[in-house]
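Q: I've got a new model open and I'd like to learn how to read it feature by feature. Can you walk me through it?

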Amino acid sequence: MAPEVFLASEEQMNPLLPAWPEVIIGLLCFFIVFGILGKKLLPSIEKVLGERRDAIEGGMKRAETAQAEAQALLEQYRAELAEARHEAARITEHAREQGAVLINEMREEGQRQREAIVAAGHAQIEADKKQATAVLRQDVGSLASQLASRIVGESLEDHARQSGVIDRFLDELESKAAAAQGASK
């Protein structure tokens, strides 16, 4: 009898085969806890996950929008930069043209001033030449009349006569000088 009792108690104590009342109570408690968690905890978890999903998707949309705005702003800056470069080139070309015009105007003004100075110089030279010729005629005439007076021994003080003789003499000298210059050319 002893070995049979031992076998009967061994069958009841098998840890791999739980007792049916324990299984039923365990399942009942599992479903109760699962139901409470499903009703209370699951909606708040889904709410937090939904908020996170919206935040992530909204952040991505905001990032895409910001990237599109940045790209549009970049294109706008590039267009403005190209326009500014074009404007700078136009201004530079305009300045070059104005510089060339100013240089030409200054060159022409310098040419006019040079010509005016040269003309004034020629006029002054001509006036000085006439004055020197007149003074020279007068001096040569008086010297010639003094010399002639000494040679002839009489005074040639008649001024009209003296001027006529001197003028004739100087005209002859000038005509001979002009003829000599024409022959040498």
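A: Happy to. Let's start from the record: the unreviewed UniProt entry places a "transmembrane region" at residues 20–37. Keep in mind that what you see is a predicted model.

Q: How much helix and how much strand does the model have in residues 20–37?
A: The general idea is to lay the annotated span over the computed secondary structure. Here residues 20–37 are 100% helix and 0% strand, and the end C-alpha atoms lie 25 Å apart.

Q: Which other region does UniProt list, and where?
A: The unreviewed entry also gives a "coiled-coil region" at residues 60–94. Treat that label with some care, as annotations may be inferred rather than shown by experiment. In the model, residues 60–94 are 100% helix and 0% strand, with 50 Å between the end C-alpha atoms.

Q: Let me zoom out. How many helices and strands are there in the protein?
A: Counting elements is a good habit before going into side chains. The protein has three helices and zero strands, and from the N terminus the order reads α-α-α. One of the helices is α2, which covers residues 20–152.

Q: Where is confidence lowest and where is it highest?
A: Check this per element as well as overall. The average pLDDT of the protein is 83, and 86% of the residues score at least 70. Helix α1 (residues 2–12) has the lowest confidence, with a mean of 50, while α2 has the highest, at 89.

Q: What share of the residues is buried?
A: Burial is judged from relative accessible area, with buried meaning under 20%. By that yardstick, 4% of the 185 residues in the protein are buried. The exposed surface comes to about 16500 Å², and carbon and sulfur atoms supply 64% of it.

Q: Which residues form a nonpolar patch on the surface?
A: For a patch, look for nonpolar side chains that are accessible and close to one another. Here Val33, Leu37, Leu41, Leu42, Ile45 and Leu49 make one, with about 500 Å² of accessible area together. Take Leu41 as an example: this residue sits in helix α2. Leu41 has a relative accessible area of 41%, so it counts as partly exposed.

Q: Now aromatics. How many aromatic pairs are there?
A: The things to check are the distance between ring centres and the angle between planes. The count here is two aromatic pairs. In one of them, the ring centres of Phe30 and Phe31 are 5.7 Å apart and the planes meet at 65°, so the pair is edge-to-face.

Q: And how are Phe30 and Phe34 arranged?
A: Phe30 and Phe34 are stacked, at 6.0 Å centre to centre with 20° between the planes. Both lie in helix α2, four residues apart, which is about one turn of the helix. Taken together, Phe30, Phe31 and Phe34 form one aromatic cluster.

Q: Are those rings exposed or partly exposed?
A: The cut-off to remember is 50%: exposed means over that value. Phe31, at 53%, is exposed, and Phe34 is exposed too, with a relative accessible area of 55%. Phe30 comes in at 48%, so this residue is partly exposed.

Q: Last topic: how many salt bridges does the count come to?
A: The test is a side-chain nitrogen of Lys or Arg within 4 Å of a carboxyl oxygen of Asp or Glu. The count is four salt bridges. Among them is Glu75 with Arg78, at 3.5 Å from N to O. Another joins Arg90 and Glu87 at 2.4 Å, and Arg112 meets Glu109 at 2.8 Å.

Q: How far apart in sequence are Glu75 and Arg78?
A: When both partners sit in one helix, compare their spacing with a helical turn. Glu75 and Arg78 are three residues apart in α2, about one turn. Arg90 and Glu87 have a spacing of three residues in α2, and so do Arg112 and Glu109.

Q: How accessible are the partners?
A: Go residue by residue. Glu75 is partly exposed at 39%, and Arg78 is partly exposed at 49%. For the next pair, Arg90 has 45% relative accessibility and counts as partly exposed, as does Glu87 with 32%. Arg112 is partly exposed at 46%, and Glu109 is partly exposed at 32%.

Note on methods. Residues are numbered from 1 along each chain as its sequence is written. This is a predicted model: local features need pLDDT of at least 70, side-chain atom pairs count only at pLDDT 80 or more; totals for chains, interfaces and linings use all residues. Side-chain values use heavy atoms; hydrogens and water are left out. Helices (H or I, at least four residues) and strands (E, at least two) are DSSP runs, numbered from the N terminus. Patches are made of residues with over 30% relative accessible area and no salt bridge: like charges are joined within 9 Å, nonpolar side chains (Val, Leu, Ile, Met, Phe, Trp, Tyr) within 5 Å. Accessible areas come from the Shrake-Rupley method with a 1.4 Å probe; for residues, only the protein chains shown count as cover. Buried means under 20% relative accessible area, exposed over 50%, partly exposed in between (1.4 Å probe, protein chains only). pLDDT is the predictor's confidence in each residue, from 0 to 100. Rings of Phe, Tyr and Trp (its six-membered ring) pair if their centres lie within 6.5 Å; planes under 30 degrees apart count as stacked, over 60 as edge-to-face and the rest as tilted.
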